[in-house]
Amino acid sequence: MTVDLNVLEHLGINLYSNIAAVLTEAVANAWDADASSVRVRVDPNNQWVEIEDDGIGMSVDDLNGKYLRVGYRRRDDEDAEHGRKTAKGRPVMGRKGLGKLSLFSIADVIEVQSAKNGDRHGFRMTVPDIKKAVHEKQKYHPEPLASDVLTVTQGTKLVLREIKRQRLGKGVAALRKRLARRFSIIGQANGFDIEIDGLPITAADRGDLPKVQFLWTFEGYEPEANTISHVKESESLPARFDAWDSAWRVRGWLGTARKPKDLDDDEGGNLNGIVVFARGRLFHENVLDRLNDGRLYTKYLTGQIEADFLDDDDQPDIATSDRQRVQEDDERYTQLIAFLRSRLNQLEKRWNEWRRKHEVEKAKETSPALAEWLETLPEGYRKSAETLIAKLSALPVDDEDDRKLMYRHGILAFERMKLRGSTEEFVTSVESADRLLAVLADRDALEASLYRDIVKSRLDAIRDFQTIIDEDAKERVLQKYLFDHLWLLDPAWERATGSQIMESRLTTEGVLVAGLTEKERLGRVDIAYRTQAGKHVIVELKKVGRKMGLLELVEQGQTYVDKLRKILREQNVTSPDIEVIFVIGKAVDEEATNPDRLKSSMESIAPGSRIVHYDTLIRGAQEAYSAYIDQTKALDKLENIVNRI
């Protein structure tokens, strides 16, 4: 088997898409060369990029036998003086021998200079010349650099020319952040400094830890105190599974921001993810994507962890060619995923507790009225209410008036659910900020069943009847409310839907109007058809002063039922559940003399059919909604609180 030079197209020119990934390979080579510093310079006009280190450098033999040898694996070279560790005892980062090819991803011309033992050497490589050699099926020989152009005095210097500008990203500031996030060994503690245009890169350039509100560290990892002074809560997590090999452990930290948008970074890219390092360099850009965890807390999550066992010398190399992802079926990786899932379950539980505590405290400081509302809640509801307020407080809303409006909507929605006994379901069902906003933004649906509106409308109807003496006025008021508020007839009917088409057909079929005698017509106030939970309801209001006979009511009711069944059969409804309700003012004779006959006669019309009296209707509504009446004072207090937020 032979390998053609055209592999450079895949392993170099087209392998990387940004300068940070390319510089990672150059910096890793400097680390392996025992450099104490790496200096990167970027031409303001983007004409060239220089990377220079003060490492051990390379001789001519090193340049030919190692640097220009694609696929040279230092860790496997038994003849190497320091194969797996450098002279300084550093664990070697390089493994595949492909990193040097990455330079061709951003530049068409590469110059390499190196000094070792007082000798300096250098050469130039160009993409056009390499492609020409590929086309002609010839070996490629780089162009030696003349001694008078060599400027390196120690270590190795790379000069990248004819830059592909689209690969340079968003400038030096962004490059500083991205490079800082690709190494965990930067700084004096490791004797390894990187600078760009004369300014050292530090851990602070990563910009992730300052975004963290809550912090979890793995046992054995201690961040500098001045970097976490802003953290509100912190906790230590176990660094390994007990069943793991003794050498396997995870270092680093995980954290959550106060708001998801805090993790947005225009220069350095989004921070919502967990970076995995091995041997101090990036090994997996974002392992959070692999976890497939859709819970809310993941939108707030960031972190950096070290898992050196992923890159063990004695185990197969599981990194992909660009060293930004891994082979996911390897046991080491699957064990890491299982470990993270376990620790993140612990993290989420604590996150919910801490966030509720701190977001509620902040919200209460912003709005004393909100604190007052929380104090009015029974103990069993307070925890759910605090969870809701925490979610509202953390939503990405910049305008304080909009946030206060969300608090108002949230309180009213919560009170509605409290009335139904389903506050926990309401709070926990909202798994994302988008879902929460959608629920609270649905004003029409919300107002249709808000606790405040339910209470007010029903109490208003009852109070209207309580203040009316004139019997004819009772008819007008009842006619106004009854057909839109069938709860007056049956408290179980929260909302009934009307059917104008069906009502029209009943009219044209001669049920509602046609066929009535003049006496019947004068004795009726109105009639309507409604459906409720699959039940078909016909309600007729008789005039208060009209004296009705039982047989007359039964005959009318049976006519209504027969006609309705005929219409429903045409709609393929073969066994409809029908009720007929007559609302009357004066009692029929059988109510006092033979109540059993009255009941059976009504049942003969259709099961559930019955007679209801005006006064009994109002008295029943008062009794059924006495709980609402008792809560009017509490309602007034709630409205006062909401209006002050």
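# A walk through two sheets and their helices

Start with the open sheet of six strands, whose order is 10-9-11-14-12-13 and whose pairing is mixed. Its edges are strand 10 (233-237) and strand 13 (281-284), and each of these pairs on one side only. On average, neighbouring strands here are turned by 25° against each other, direction ignored. Before you go on, keep in mind that you're looking at a predicted model.

**Stop 1: inside the six-stranded sheet**

Select residues 212-218 and 251-257. These are strand 9 and strand 11, and they pair in the antiparallel sense over five bridges. Want one bridge to zoom in on? Pick Leu-215: its bridge partner in strand 11 is Gly-255.

Next, show residues 331-366. That's helix 7, and it lies across strand 9, strand 10, strand 11, strand 12 (274-278), strand 13 and strand 14 (301-306). Helix 7 runs at about 140° to strand 9.

**Stop 2: a pair of rings**

Aromatic rings come next. A pair of them is described by the distance of the centres and the angle of the planes. The count for this model comes to 14 aromatic pairs. Select Trp-248 and Phe-309: their ring centres are 4.6 Å apart and their planes are at 10°, so this pair is stacked. Which parts does the pair tie together? Trp-248 sits in the loop between strand 10 and strand 11, while Phe-309 sits in the loop between strand 14 and helix 7, so the parts tied together are 61 residues apart in sequence.

**Stop 3: from helix 7 to helix 8 to helix 9**

Go back to helix 7 and add residues 368-376, which are helix 8. The axes of helix 7 and helix 8 come within 5 Å and cross at roughly 120°. That angle makes helix 7 oblique to helix 8. To see the contact, show Val-360, Ala-363, Lys-364, Glu-365 and Thr-366 on helix 7, then Pro-368, Leu-370, Ala-371 and Leu-374 on helix 8. Colour them by class and you'll get six nonpolar, one polar and two charged residues.

Now bring in helix 9 (residues 379-393), which packs against helix 8 at an angle of about 155°, with the axes 9 Å apart. Because angles over 145 degrees count as roughly antiparallel, helix 8 is roughly antiparallel to helix 9. The crossing of these two is right-handed. From helix 8, Leu-370, Trp-373, Leu-374 and Glu-375 make the contact, and from helix 9 it's Arg-382, Ala-385, Glu-386 and Ile-389. This contact has five nonpolar, no polar and three charged residues.

**Stop 4: the eight-stranded sheet**

Time for another open sheet. Its eight strands follow the order 5-4-3-6-2-1-7-8, again with mixed pairing. Which strands stand at the edges? They're strand 5 (143-144) and strand 8 (199-200); each has a single partner strand, so one side of each is left without a neighbour in the sheet.

Select residues 107-116 and 119-126 to light up strand 3 and strand 4, which run antiparallel and are joined by eight bridges. Try Gln-113, whose bridge partner in strand 4 is Gly-122. Then add helix 4 (residues 127-135): it packs on the sheet, touches strand 3 and strand 4, and makes about 70° with the direction of strand 4. Helix 5 (residues 172-180) packs on the sheet too, touching strand 1 (37-42), strand 7 (193-196) and strand 8, with its direction at about 165° to that of strand 7.

**Stop 5: strand 1 and its neighbours**

Stay with strand 1. Towards strand 7 it runs parallel, with four bridges joining the two, and Ser-37 stands opposite Asp-193. Towards strand 2 (residues 48-53), strand 1 runs antiparallel, with five bridges. Click on Arg-39 and look across to its bridge partner in strand 2, Glu-52. The hairpin of strand 1 and strand 2 has five residues between the strands, and there Asn-46 takes a positive phi near 60°.

**Last stop: helix 2 meets helix 5**

Show residues 19-32, helix 2, alongside helix 5. Their axes come within 9 Å and cross at roughly 55°, which makes helix 2 oblique to helix 5. This crossing is right-handed. Pick out Ile-19, Ala-20, Leu-23 and Thr-24 from helix 2, plus Leu-175, Arg-178 and Leu-179 from helix 5, to see the contact. By class, that's five nonpolar, one polar and one charged.

Conventions: Residues numbered from 1 in each chain as written. Predicted model: local features only at pLDDT ≥ 70, side-chain atom pairs only at ≥ 80, totals over all residues. Heavy atoms only, no water. Pairing = 2+ DSSP bridges. Axes fitted to C-alpha atoms, helices over the stretch in contact; angles between N-to-C directions. Contact = heavy atoms within 4.5 Å. Parallel < 35°, antiparallel > 145°, perpendicular 65-115°, else oblique. Left-handed = near helix turned anticlockwise from the far one by under 90°. Nonpolar A, V, L, I, M, F, W, Y, C, P; charged D, E, K, R; others polar. Phe/Tyr/Trp six-rings, centres within 6.5 Å; stacked < 30°, edge-to-face > 60°.
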